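Q: Could you take me on a close look at the aromatic rings in this model, and then at how some of its helices are packed? I'd enjoy one connected walk through the details.

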Amino acid sequence: MPSPTPGRTTPGRHLRRRLGLLTAGAAIGALLLSACSNAGDTASGGAGGADPDATITIGSLNEPTTLNTVKGGNTGHAQVLLRNVVEGLTVLTDDGKVEPLLAKSWDVSPEGTTYTFHLQPGVTFSDGTPLKAADVVATLKRVTSDESTSARKKDLSIMKTIEAPDDSTVKIGLSQRSQSFLFYLTTTGAAVTKAGAGNPETTVVGTGPYTVGGWKQGDSITLTRNDKYWGTAPKNKEVVYRFFKDTTAENNALLAGQLDLVTQVTSPDVLAQFENRPEFTVVEGTSTTKELFNFNDAVAPFNNVDVRKAIRQATDRKALLNAVWAERGQILGSMVPPTDPWFEDLTSIDDHNVESAKALLAKAGYANGLTFTVDYVPSDSINIVAQGLKSQLAQAGITINLNPIDDATWTDKVYKNHNFQATIMTHVNQRDLIWYGDPDFYWQYDNPQVQQWVKQSETAATEAEQTELLKKAARQISEDAASDWLFLDPAIKVASSAVSGYQKNLTTDSFYVAPISKQR
C-alpha cells in the first residue's frame, strides 16, 4: 500500500505540494511521464521553423530542496529531475498508464512474484558510462535503504531479492504478488542514478535526455541537452527552470517575455491577462489534484453514515468548483480521477439535495441541527471552499466553525493524532483510493469489506481483476460517504505561442521537457 502522502496547498497559492512523511522529512511520491508522448499528451503552440538549439525558460513555484533522488523534499524535485535527468525501468504516461522505459520488456513468473527485466540496449549515463544491470540493482537497494526517505520506500520493500544475472538483465523477487509493483517503479527514488558521482545532494548523473548544467539556489536550475542520450533527442538545447515565490512575480515575468511558459496556473483570475492575446496560448488539461472535505469517521457524529451522507447532500460541489475555478475542473463522486484505471463516474451518489440532507439529519437524531469544527490550512482556494461550505451547510441546519491552522499544527493534530472533527485537504497522488483500506489513516474510515477488496486488489492475478475490485471499493466508499469529495483541479498552463510540445495534463509531478520546441 502506498505510503500516505496527501498533498496540501501553500498559503496564498494553489499549488501541488505533498505532505511530508512522518519519518525523516518530506519526500516525493511523484511519478513519471511517458517516454513517447503523443498528440493527446502535449499541447500545441506555434508550428514550423523550430530552433533545435533553443533555450526554453519555464516558470515554477516549486524549487527542489535537494538533487538526492531518494530524499526529494518537494514537488519541484521530481518536476525537474524525473524523466528529464533520471529515468526508471517503467514510466507513467500522462494518461495514467504504466509503460516500459529503461526496461525494454519484462517477464513475470506464473505465481507473479518474480520479475525479470530486460534492459534497453545501448543506454549510457550522461558521462558516457554504459548502463549495466548492476546500476539498477544498486539504485533499487538504495531506495529501500536506511538512507532513503522516499515516499515509495515502504511499497518497494516488497522486493525480497534484487539480482543482476548479466549486464542486461535485472531479476527481482517479491515477498508477495503485487499488481502495483510496476507502478511503484515509476517513482523518483526508483529512477536509476550512477553511484559515486559526487555529493548526492547537489550532483546527479542519470540516463535521461538532460544533465544538470547548474543550480543557482533560490533562483534557477539549468538543464543541458545530453548529446549521449540513448533515446530520441530533445527538441531544444537547454531548459531553464526559474523559481518564483509568488504567482504575481511569475506572471509578470511571463508578460515581460522572460518566460516561455509556466508549469501551472494557480488561479483563473490571472488568465484575463493572457486570454485573447495572440502571443500567448492558454491550455487546460486534467490533473490528479483532489480537493476533499474529510470527516473523522471514528468519532461522533461522523461515525453515523446518515450524518456523512447528509453533509455530502448539503454540499453543492459544482458551485464550489465554479467559485474556485470559474467553469474549469470537474466535480468528483469518489477518490478516483479519470486517469486512474478504476475510474467510474459516481457523481450521482449523494448529489446536492438540501431537503434530503435535512431528512437524513433528522433520522440520525439531529433534527434541530448539528455543529462541528473544521480545521484547515488556509490558502486562497481553500478559504473560498471553507466559506462556501459554511454557507451551503447552513441551509441544511449544519453549523461549522472554521479553524484555520498552520502546516505543523495540521500535521500534528489531524494527520498524526487524529484529534479533529473535519478538515479540508488537497490530495495530489495518483491511485490513492487504497488509503480507504487503511483504518489507521487520518480519516479513520473502517470498512472491513473495503479493506478486503483493497488487499485482494494488490495480490490479484490480473490487472483486470485489480481494476474490478477497486471499482467496488470506490463505489462502496462513496455509498458510505467516507469523505465529501469536492472537485478535481484543472491543469492550466499559459505559454508563449512560439513554443509547443509541452504536456497538457498534470497527472504526475514530473514536467517532461524534451518534446518542447520553440520557433526561431
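A: Happy to! Counting ring pairs across this predicted model gives 23 aromatic pairs. One of them joins Phe274 and Phe280, whose rings meet edge-to-face, with 5.0 Å from centre to centre and 80° between the planes. Both partners, Phe274 and Phe280, are buried.

A stacked pair makes a nice companion to that one: the rings of Tyr436 and Trp443 lie 4.2 Å apart, centre to centre, with 15° between their planes. Tyr436 has a relative accessibility of 0%, so this residue counts as buried. Trp443 is buried too, because its relative accessible area is 0%. Tyr436 and Trp443 also belong to one aromatic cluster, together with Trp410, Tyr415, Phe420, Trp435, Phe441, Tyr442, Tyr445 and Trp485.

Now to the helices. Helix H6 (residues 305-314) and helix H8 (residues 354-363) have axes that come within 8 Å and cross at roughly 160°. At that angle, which is over 145 degrees, H6 therefore runs roughly antiparallel to H8. The H6 and H8 crossing is left-handed. On the H6 side, the contact is made by Asp306, Lys309, Ala310, Gln313 and Ala314, and these meet Val354, Ser356, Ala357, Leu360, Leu361 and Lys363 of H8. Sorted by class, the contact between H6 and H8 holds six nonpolar, two polar and three charged residues. As a general reminder, an α-helix has 3.6 residues a turn, so residues three or four places apart point the same way.

Helix H2 (133-143) and the loop before it, which follows strand E8 (114-119), deserve a visit as well. That loop holds Ser126, which counts as buried because its relative accessibility is 15%, below the 20% cut-off. Leaving aside residues up to four places away in sequence, Ser126 touches Val205, Gly206, Thr211, Asn226 and Lys228.

H2 itself is mostly covered, with eight of its eleven residues buried. The buried residues in H2 are Ala133, Asp135, Val136, Val137, Thr139, Leu140, Arg142 and Val143. What do the buried residues of H2 pack against? Their partners are E8, helix H3 (153-156), strand E9 (159-166) and strand E10 (169-174).

Key
Residues are numbered from 1 along each chain as its sequence is written. This is a predicted model: local features need pLDDT of at least 70, side-chain atom pairs count only at pLDDT 80 or more; totals for chains, interfaces and linings use all residues. Side-chain values use heavy atoms; hydrogens and water are left out. Rings of Phe, Tyr and Trp (its six-membered ring) pair if their centres lie within 6.5 Å; planes under 30 degrees apart count as stacked, over 60 as edge-to-face and the rest as tilted. Buried means under 20% relative accessible area, exposed over 50%, partly exposed in between (1.4 Å probe, protein chains only). Axes are lines fitted to C-alpha atoms, for helices over the stretch in contact, and angles run from 0 to 180 degrees between N-to-C directions. Helices (H or I, at least four residues) and strands (E, at least two) are DSSP runs, numbered from the N terminus. Angles under 35 degrees count as roughly parallel, over 145 as roughly antiparallel, 65 to 115 as roughly perpendicular and the rest as oblique. A crossing is left-handed if the near helix is turned anticlockwise from the far one by less than a right angle, and right-handed if clockwise. Contact means heavy atoms within 4.5 Å. Ala, Val, Leu, Ile, Met, Phe, Trp, Tyr, Cys and Pro count as nonpolar, Asp, Glu, Lys and Arg as charged, and the others, Gly among them, as polar.
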